[in-house]
Amino acid sequence: MSAVIENHHDEHDHGPAKGITRWLYTTNHKDIGTLYLWFSFAMFLIGGAMAMVIRAELFQPGMQIVEPEFYNQMITLHGLIMIFGGVMPAFVGLANWLVPMMIGAPDMALPRMNNLSFWILPFAFFILLSSLFMEGGAPNFGWTFYAPLSTTYAPPSVTFFIFSVHIMGASSIMGAINVVVTIMNMRAPGVTLMKMPLFVWSWLITAYLLIAVMPVLAGAVTMMLMDIHFGTSFFNAAGGGDPVLFQHIFWFFGHPEVYIMILPAFGIVSHIIETFSRKQLFGYSSMVWAMLSIAILSFVVWAHHMFTVGLPLAAEIFFMWATMLIAVPTGVKVFNWVATMFRGSLTFETPMLFAVAFVVLFTIGGLSGLMLAIVPADFQYHDTYFVVAHFHYVLVPGAIFSIMAAVYYWIPKWSGNMYDERLGKLHFWLSFVGVNVTFFPQHFIGLAGMPRRYPDYALIFADWNMVSSVGAFLFGFSQLLFLFIVIKTVMGGKKATDQVWEGAKGLEWTVASPAPYHTFSTPPKID
Amino acid sequence: MLLNLFNKTKRNIFLLALFLLVSPFMHADWFALNMTRGSTDISNEVFELHMLIFWICVAIGVVVFSVMFYSMWAHTKEKNPVPAKFHENHKLEIAWTIIPFLILIAMAVPASKTLVKIYDDEAGDINIQVTGYQWKWQYRYLEDDVSFFSNLSTDLDEIYNLVPKGENYLQEVDEMVVIPAGKKVRFLITANDVIHSWWLPAFAIKQDAIPGFVNTAWTIVDEPGIYRGKCTELCGKNHGFMPIVVKVVEQDEYDDWVFTKKQEAIKLAELTTKEWTTAELIERGESIYEVNCVACHQTSGQGITGIFPALAGSDIVMNNKDRNIEILMEGVQGAAMNSFSYLSEVELAAVITYTRQSWGNAEKGDGEIVIPKDIVDYKEPKI
Amino acid sequence: MKKEAKRTLIKLVVAVPLMFAFGFALVPLYDVFCEVTGINGKVFQSEYSEELVTDDGRSIAIQFISTNNENMPWTFKPSEQVMKIETGKYHAATFYVKNTTDKKMTAQAVPSVAPSNAAAHLKKLECFCFEQQELLPGEEALLPVKLLVSNELPSNIKNIILSYTIFDITDYDEEAIAHNQMAME
């Protein structure tokens, strides 16, 4: 892969170094963005392979392929890898590529830290994955790792899990600090805050969320480590601790984390819809305010993940109302996207298809989220497949579709080549059908009463589980097509113009395609 | 347009794939689409609430998506080559902030009311302590001193697809919770090891069972019948294999049941003083082993290398009767082996004897059996 | 690097350990929060208070529950299952324990109150759960609780559950080390 991209850049005066050292020592935001994106793609495929194991086991009732013990390891690693290895690094990769170009900065503010924050990631996931081969197996307590299952009752590999979470956290925090410093200080003259592209805004807010909550996650796993090895009792009732406290701390991190995985998607989709509507984005400032209020509200809703732990009535009611409130700014965003399209001049190239699918399917996920906020109904939904369907709707056709849309949208700028539109559309339709066939029936399975994290199930759930598995295989294997399309585009193809898309606006479209190794060494002039 | 991509054979393959994709829908169980209507006032109310929010969400979806789809159809570049210029409209923006807000209030008010009813906490006519164990439930009837474990009764052969699966596959237990119809029953839910969660959809009860803490839930069920539920908090390996079955019966049948349970307890106490033969102990022990031990130590007694030690050929099981009893009574600190001291003396003696007599252990070891009296002695203080 | 950029960087770098510390601060904050609201049914020791004692109390029932956590072989049960009490008066109850093993053992009882909004109104003057219990082989004991339910208990609550789970903490320090020895022997 490295050889390919080098060819494009060799002619430039300040071109990259050659060979592997280019990638090891690089401090160039574009190189690091590329590294992040490829890394997250690799993790996406590994996590996806685990999802295939899960769906294969659930294809029929009865235990066929794996044992329950290994099944639990699969669901745990699938969740951790997709969240911390798939979605988050992909967004960081996009931020690296795009933020400096969008604000007219020559590079990220802290290039050496940028290199470090990427290169510790592979180690984190190497450690996490190696736990599969340890005695007692990989972590098997779910990605939410509730104590005491993850402390007193955990397999020995939990220590390695904690270590790897620490590394992932450090990487995210460094990445976030870099983004904030870049955005706050390196904007070209004239790029005021309220003139910043929405992707930059979404990342600024995301970065603040990361800095606020990743250390809390680090604190939670540190407490676990101390409970396991140093005889403390943070989460152990016998020593005066409280297992529910773990859940409070975890979800204090966990809920903002949910928005960390969706806010950049909001930014991406806003750009794409604006471009392919050939019309200015509707309600720019309300978009910014909506994202800010979502981010702030995300700190006061965490206990909606814990409605069944036995909270007092007042707490249940507070968290229900606060959670429902989030629907207001989220609704505003959806309405703005629709209003942007309204009376636009629409075309549906692959990025736009993904973006439109994002709006529809994310809204479905949002509406099921609203249902989950209703406490009495949540007593029936909680920890069933209804929840699984809900969060996969916001994460797969939400976050992941937005990442794919971004790749199709910006890859001409990155590689200088247009992707194959026919293949791109095929990839979209296969993914769209696959995602819906996989996750829509999970709503039914959950409502009918199947709890999540079950390796085996009663016979009434059999039919829809089979449908869901078929969809999952379709979706899973379609992603190999995506891999092929990306490689094909990087290798060659129709040359992209500098503008690429007729309706595209923004500084990144003013530079050559492919984007030179160094851009905006002198700040651009903004009207 | 998509189909134009393919020649004829490829198109046929595509249609075949489409058929394979769609065909499961045709066989799908259409009844398993929605939440089942509840069996109590509260669970009915929750069901109505669920349907109310569901239809509101559908309505919101229809409105938003129809505008969007209309736009996708009417405002393409071909039909509308010159895009409009508007990019804000304050009245519209205020409207779509306030209207959703009002809709949310319309949803949250009835939800809060139902919640208040659920939280109305008075003493029950019957109080049952529910304790989650890895991986079974214990029920203690506080007023009647009746106590038992409820284990999954589905055969392992069904799970491993060796025989056809029964109607209540994974939803059946060896001993059901019995409660009387029309009475207020309060469940006091806690756990012994990790967090579990006691869910009975028909009663709309889902409460986490947390070690060291007690959560409460109550219900009044008018209709006698059998109601099934599940554990809904990941609690380890057999999380999916610890169902809940509640049998609601008329009051007089309930009184009979309680009486029988008490008699059984007395009979069990007598059993411990009876003379037991090795064969009797082995026979009884085998069934106990299958319920309590087989998940980890396996039918073959071989365990799982690196996680669960083998009993076949174990020095303790062959030659060290005292330590053997001690392990079952105390568990092993820091290992997956819990204490089984909650089993009766007879059950403990039987299962230990079974392991000491099986898999060639008796021939290779001292072959000693354990009788209920040994367990009683173990429990006696030795000063 | 520009001066302002450095300033932003320093602020953010300082924020990280602060948020890390905040994660730990949640632990005592949660305890305080629980003590005030009784949110997790925990009850802390309270001083004797003349003000709480009144004559116009109402009659409620306290139901005692005992649970042995795993690997805890002791006999542990309330002397009475249900106790009728008056709010605004101190009452005493006992739990019976016996160490049924042939080893000296240490135990810790962990209390829990349901419904949880009753916890704030339950005042414990004395409770065996405030300290560890050490019993010799075969030793038995009656463990005391002295409590008062204040008159401010919400009127819809007529029945309070006071549950104790007893944990074996004999090998508490060694437990951490033993934990990783997954094998049985």
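Biologist: Let's start with chains C and A. How many residues does the contact take from each?
Modeller: This is a predicted model, to be clear. In it, chain C puts 33 residues into the contact and chain A puts in 42 residues.

Biologist: And what area is buried between chain C and chain A?
Modeller: About 3100 Å², with carbon and sulfur atoms giving 71% of that.

Biologist: Which parts of chain C touch chain A, then?
Modeller: Helix 1 (3-37), strand 5 (105-114) and helix 2 (172-179) of chain C each supply at least two residues of that side. Helix 1 of chain C gives the most, with 16 residues.

Biologist: How do the residues on that side of chain C divide into nonpolar, polar and charged?
Modeller: On the side of chain C that touches chain A, 21 are nonpolar, 7 are polar and 5 are charged.

Biologist: How many salt bridges are there between chain C and chain A?
Modeller: The count there is 0. For polar contact, the rule finds 3 residue pairs across the interface of chain C and chain A, both residues at pLDDT 80 or more.

Biologist: While we're on chain C, what domains is it divided into?
Modeller: Domain 1 covers 1-37 and domain 2 covers 59-171. Taken over C-alpha atoms, the centres of domain 1 and domain 2 of chain C are separated by 38 Å.

Biologist: OK, switching to chains A and B. How many residues does that contact take from each?
Modeller: Chain A brings 104 residues and chain B brings 98 residues. The area buried between chain A and chain B is about 8800 Å², and carbon and sulfur atoms give 72% of it.

Biologist: Which residues in chain A lose the most area to chain B?
Modeller: Those are A:Phe282, A:Gln380 and A:Trp464, which together make up 8% of what that side buries.

Biologist: How many salt bridges does the rule find across the interface of chain A and chain B?
Modeller: It finds 1 salt bridge. The side chains that meet there belong to A:Glu502 and B:Lys77, at 2.9 Å, N to O.

Biologist: What about residue pairs in polar contact there, how many?
Modeller: The rule finds 30 across the interface of chain A and chain B, with both residues at pLDDT 80 or more.

Biologist: Which helices of chain A supply residues to the side that touches chain B?
Modeller: Several give at least two residues each, among them helix 4 (68-103), helix 9 (243-260), helix 14 (350-373) and helix 18 (462-491) of chain A. The largest share, 9 residues, comes from helix 13 of chain A.

Biologist: And how do the residues on that side of chain A divide?
Modeller: The side of chain A that touches chain B has 65 nonpolar, 23 polar and 16 charged residues.

Biologist: Zooming out, how many salt bridges are there over all chains?
Modeller: The count comes to 18 over all chains. The pair of A:Glu502 and B:Lys77 crosses between chains: A:Glu502 is in the segment after helix 18 of chain A, and B:Lys77 is in the loop between helix 2 (41-74) and helix 3 (90-118) of chain B.

Biologist: How many aromatic pairs does the structure hold?
Modeller: There are 82 over all chains. Take A:Trp337 and A:Phe358: their ring centres are 5.8 Å apart and their planes sit at 80 degrees, so the pair is edge-to-face.

Biologist: Where do A:Trp337 and A:Phe358 lie?
Modeller: A:Trp337 lies in helix 13 of chain A and A:Phe358 in helix 14 of chain A, so the pair ties together parts that are 21 residues apart in sequence.

Biologist: New topic, backbone oddities. Which residues does a cis peptide bond join in chain A?
Modeller: A:Ser513 and A:Pro514, with omega about -10 degrees. A:Pro514 is in the segment after helix 18 of chain A. A:Val500 lies in the segment after helix 18 of chain A too, and its phi is near 60 degrees, a positive value in a residue other than glycine. For background, most residues other than glycine have a negative phi, and most peptide bonds are trans.

Biologist: And in chain B, which residues does a cis peptide bond join?
Modeller: B:Gln134 and B:Trp135, where omega is about 0 degrees. B:Trp135 is in the loop between strand 1 (126-133) and strand 2 (136-141) of chain B.

Biologist: Last one: what domains does the assignment give for chain B?
Modeller: Domain 1 (31-118), domain 2 (126-268) and domain 3 (272-379). The centres of domain 1 and domain 3 of chain B, taken over C-alpha atoms, are separated by 59 Å.

Note on methods. Residues numbered from 1 in each chain as written. Chains lettered and ligands numbered in written order. Predicted model: local features only at pLDDT ≥ 70, side-chain atom pairs only at ≥ 80, totals over all residues. Heavy atoms only, no water. Contact = heavy atoms within 4.5 Å. Buried area = accessible area lost by both parts, 1.4 Å probe. Salt bridge = Lys/Arg side-chain N within 4 Å of Asp/Glu carboxyl O. Polar contact = N/O pair within 3.5 Å; in protein donor to acceptor, adjacent residues only side chain to side chain. Helix = DSSP H or I, 4+ residues; strand = E, 2+ residues; numbered from the N terminus. Nonpolar A, V, L, I, M, F, W, Y, C, P; charged D, E, K, R; others polar. Domains from an automatic or database assignment. Phe/Tyr/Trp six-rings, centres within 6.5 Å; stacked < 30°, edge-to-face > 60°.
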